[in-house]
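Me: Hey, got a minute to go through a structure with me? I'd like to talk pockets and salt bridges.

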Amino acid sequence: MILTKQYRCIHSASCQCTKGHLSEDVIFLVFHNLNWNPRLVATLSCVCKWFDDLAKRVLWKEFCRTRAPKMLQDLQSNGSHIVDGNWRALGKLLIYCSGCTKGGLFNSIQIPGHFVYQTRFSRTSGKSFLLPQCRTDVLYVSDPCEHLDQGEEGDVGFFRGIFKSFATSKVRKMLINKGAKLHPTEVCPYCKAKLWSMLQAEMIPQSASLRLGSYDDCIEYYVCLNGHMLGICTLLPLSDSEEASELR
């Protein structure tokens, strides 16, 4: 019988994996057969630092390539490195609605974060979230994740997105030129980087609320230092949002 070579965990003296690991190739084939199931990838990451490192380098990368191939190809084109080293953050962005907590970024309401089965990200929609002078930037934005009947807040929508080549984007340059302040305590739920408020920087165009079907004065979003975006809005009733769409 041929025994598969195993690899001992060299990342942590306290790791419980004293009997070694299967090779990366075997684990790759197992997760390929599982269609890169994100829950299982996340579970594997919790086993030890060796598995966590493998998930960061390989498994989350393959998950992203499978879940959003065209978006990922665009994000990595023309020498962009926005995703390099941040595969887990992008994977989480694709499938996780961050929600909000009272006293946090959107401090008026408490809605727990949750996984979403499927979300559409659109480069065309992203243009609506950029000021006219910044619309050469590339931003992918999701459809809003709807949380209906939230008491006084009404129907709430959460949306998220990612910039291509954020380090050289016009949005980042404008934020710096405006002297925009980073949030003093809150960080990006996807990569833990600090956040700029686009509302405080007065960089939210009216086209954003039209795209979302929300009230003009009830939309807010943040952009982190790594180019991830997350936001909240109060959605118009369906009949009103249809009228707003006709006025675009």
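**Lysine 56 and the rest**

Reply: Let's start with a side chain: lysine 56 has 37% relative accessibility, so it counts as partly exposed. Keep in mind that this is a predicted model.

Me: OK, what does lysine 56 meet in a salt bridge?

Reply: Its partner is aspartate 52, at 3.5 Å from N to O. The two sit four residues apart in helix α3, so about one helical turn separates them.

Me: And aspartate 52, buried or exposed?

Reply: Buried, because its relative accessibility is 16% and the cut-off for buried is under 20%.

Me: How many salt bridges are there in the structure?

Reply: Eight. Another one links arginine 57 to aspartate 53, with the closest N and O atoms 2.8 Å apart. Those two are also four residues apart in helix α3, about one helical turn. Arginine 57 is partly exposed at 37%, and aspartate 53 is partly exposed at 27%.

Me: Which salt bridge ties together parts that are 49 residues apart in sequence?

Reply: Arginine 123 with aspartate 74, at 2.7 Å from N to O. Arginine 123 is in helix α6 (residues 123–127) and aspartate 74 is in helix α4 (residues 69–75), so the pair ties together those separate stretches. Aspartate 74 is buried at 14% relative accessibility, while arginine 123 is partly exposed at 36%.

Me: Which residues do shared salt-bridge partners join into one network?

Reply: Glu24, Asp53 and Arg57.

Me: Switching to pockets. How much space lies in the largest pocket?

Reply: About 370 Å³. It has 19 lining residues, and the closest to its centre are Trp60, Arg88, Ala89, Lys92 and Tyr190.

Me: Which helix gives the largest share of that lining?

Reply: α5, with five residues. α2 (38–45), α3 (49–67) and α5 (87–95) each supply at least two. By type, the lining has eleven nonpolar, two polar and six charged residues.

Me: Where does the largest pocket lie relative to the domains?

Reply: Between domain 1 (20–94) and domain 2 (102–110 + 117–235), because both give residues to its lining.

Me: And what volume does the second largest pocket have?

Reply: About 290 Å³. Its lining includes Arg67, Lys70, Met71, Tyr117, Arg120, Phe121 and Tyr140. The split there is six nonpolar, two polar and three charged.

Me: Where does the second largest pocket lie?

Reply: Between domain 1 and domain 2, since both give residues to the lining of the second largest pocket.

Methods. Residues numbered from 1 in each chain as written. Predicted model: local features only at pLDDT ≥ 70, side-chain atom pairs only at ≥ 80, totals over all residues. Heavy atoms only, no water. 1 Å grid on protein atoms, 1.4 Å probe; cavity = no way out; pocket = protein on both sides within 12 Å on 5 of 7 lines; lining within 4 Å. Points joined across faces, edges and corners; volume = space filled by probe spheres on them. Nonpolar A, V, L, I, M, F, W, Y, C, P; charged D, E, K, R; others polar. Domains from an automatic or database assignment. Salt bridge = Lys/Arg side-chain N within 4 Å of Asp/Glu carboxyl O. Buried < 20%, exposed > 50% of the residue type's maximum accessible area, 1.4 Å probe, protein only.
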